[in-house]
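Hello,

Here is the structure I promised to pass on to you. Please have a look at it first, and then read on for what turned up.

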Amino acid sequence: MLVLWVIHVCYNISIWQGITKPFGFLVKKTSSLCLRKQFPLRPAAAKTIHRSQGDTLTKAVVDFSAKNLPYHMHYVALSRVTSLSGLYIRNFHETQISVCSDVATEMNRLRSTRLQISCVPQLTSTCTNFSVVFHNARSLHKNIAHLKSDHNLLKADIICICETRLCKNDQNSSISLPSHQSYRFDSNVTTNTRTPYGSIMYVSSKYPPIQSYPICCSSNSAEIMLIKLQTLSSIHTVVSVYRYQKFPFTTFLNDFVAAIKPHIFPNEILTIIGDFNCEYNRASNILENTLAQSLKISYLKQVIHEITTDYNTTIDFIYTSERTNFIAGALESYTSDHKPIFICYETTV
């Protein structure tokens, strides 16, 4: 039988000392003194190793005296205790450790074989579409490895990231993405201090930007990046924005219009995408009406209507001047409390 002994109280035998307790009593009217000496022993419990599966113990004695231990039985027994100091082993020999060959083969396969993607990316990269993604990454230098393995993100033609928190020491090579050119707009370009802000724009080689773009036209109340690209059917103007919470929304709106208005033209497709740090119901109508009038655009519509954060709020928006021929939505993220948002246009003439 494979036995695991559970020790309730364990003492070092070399320092065991009896507990002496004197007490008096009367015998035929004569008082007497008696000394009682005891050792601190307590009964222990024993169970088979099979029965101990799932137990968490502080101290235990594992007895491996049985022959022909089943596969992996040593692991079950030796992993019951919370620390090595609480583990005592009897009758153990290395030859008793056995591993199933089928398990070893499967583990080697899993370590060496590239696993297939278990989900189909929502974004696709073809010559007939143009897609933009925006994501509040909450520190790009910490999450760049995850972003590089995000298949949805890498399919986008323009990737806008805010709250990059990059500093002077961060090299471009350490934050690069495959098949994309990066344009950094750090909030602190002089020292190595990381601030909570900063933006970056990744542009696919499929649609090179029009000359002199992208540009940074940030204001006191927001970080703003703007780029123009020529696709198969039209010129796309993409504006990425991150609004600072400490400024009133009306102040941000005035600054935002003043910053981008010189670059907006009616015959181009306009996409405004970003983190507005304001709930959808409050910001949407104001922006749709005010921006369309201020920028002299006949139509501008907010197209994100789902939750964009882990706090059940919608504060990341996409405004487009197109009425049809696009899809938009939110993706999943495992590195930030914000979900990436995207819009994908059909560019076939």
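Among contacts in the protein chain between residues at least 6 apart in sequence, what percentage join residues at least 24 apart? The figure is 66%. Please keep in mind that this is a predicted model.

First, the overall picture. The secondary structure of the protein chain comes to 6 helices and 18 strands. The chain has 349 residues, and 44% of them count as buried. About 19700 Å² of the protein chain is exposed, with carbon and sulfur atoms supplying 53% of that area.

Next, the interior. The largest nonpolar core has 53 residues, and the members that touch the most others are Ile158, Ile224, Phe256, Ile260, Ile272 and Leu291. Helix α5 (residues 249-260) gives this core its largest share, 7 residues. Another core lies apart from it and holds 18 residues, including Leu140, Ile144, Leu166 and Leu177.

Now to the aromatic rings, where helix α5 comes up again. The count comes to 12 aromatic pairs. In one of them, the rings of Tyr197 and Tyr242 have their centres 6.2 Å apart, and the pair is tilted because the planes meet at 50 degrees. Tyr197 sits in the loop between β9 (180-185) and β10 (199-204) while Tyr242 belongs to strand β13 (residues 235-243), so this pair ties together parts that are 45 residues apart in sequence. The two partners also differ in cover: Tyr197 is partly exposed at 29% relative accessibility, whereas Tyr242 is buried, with a relative accessible area of 6%.

Phe252 and Phe256 make another ring pair: their centres are 5.5 Å apart and their planes are at 25 degrees, so this one is stacked. Both residues lie in helix α5, and because they are 4 residues apart there, about one helical turn separates them. Phe252 and Phe256 are both buried. They also belong to a cluster in which ring pairs link Phe249, Phe252, Phe256, Phe276, Phe317 and Tyr319. Phe256 is thus worth finding in the viewer, as it is also one of the residues that touch the most other members of the largest nonpolar core.

On to the charged side chains. A search of the whole structure finds 11 salt bridges. Here are three of them:

- Asp55 and Lys47 form a salt bridge whose closest N and O atoms are 2.7 Å apart. Asp55 is buried at 19% relative accessible area, because buried means under 20%. Lys47, at 25%, counts as partly exposed.
- Asp63 and Arg90 meet through their side chains at 4.0 Å, N to O. This pair links distant parts of the chain, 27 residues apart, with Asp63 in strand β5 (residues 60-63) and Arg90 in strand β6. Asp63 is buried, with a relative accessible area of 10%, while Arg90 is partly exposed at 42%.
- Glu163 and Arg165 form a salt bridge with the closest N and O atoms 3.0 Å apart. Glu163 is buried, with a relative accessible area of 4%, and Arg165 is partly exposed at 24%.

Which residues are linked with Glu163 and Arg165 in a network of salt bridges? They are Arg138 and Asp337.

Finally, two places on the outside. Ile89, Phe92, Ile97 and Val99 form a nonpolar patch on the surface, and together they have about 320 Å² of accessible area. Phe92 is found in the loop between β6 (87-90) and α2 (101-112), and this residue is partly exposed, with a relative accessible area of 35%.

Phe23 is also partly exposed, with a relative accessible area of 35%, but its place is in strand β2 (residues 19-27). Leaving aside residues up to four places away in sequence, Phe23 touches Ser32, Leu33, Cys34 and Arg36. Phe23 and Arg36 are 13 residues apart along the chain, and their C-alpha atoms are separated by 7.9 Å.

Happy browsing, and do write back with any questions.

Best wishes

Technical notes: Residues are numbered from 1 along each chain as its sequence is written. This is a predicted model: local features need pLDDT of at least 70, side-chain atom pairs count only at pLDDT 80 or more; totals for chains, interfaces and linings use all residues. Side-chain values use heavy atoms; hydrogens and water are left out. Patches are made of residues with over 30% relative accessible area and no salt bridge: like charges are joined within 9 Å, nonpolar side chains (Val, Leu, Ile, Met, Phe, Trp, Tyr) within 5 Å. Accessible areas come from the Shrake-Rupley method with a 1.4 Å probe; for residues, only the protein chains shown count as cover. Helices (H or I, at least four residues) and strands (E, at least two) are DSSP runs, numbered from the N terminus. Buried means under 20% relative accessible area, exposed over 50%, partly exposed in between (1.4 Å probe, protein chains only). A nonpolar core is a set of buried Ala, Val, Leu, Ile, Met, Phe, Trp, Tyr and Cys residues joined through side-chain atoms within 4.5 Å. Contact means heavy atoms within 4.5 Å. Rings of Phe, Tyr and Trp (its six-membered ring) pair if their centres lie within 6.5 Å; planes under 30 degrees apart count as stacked, over 60 as edge-to-face and the rest as tilted.
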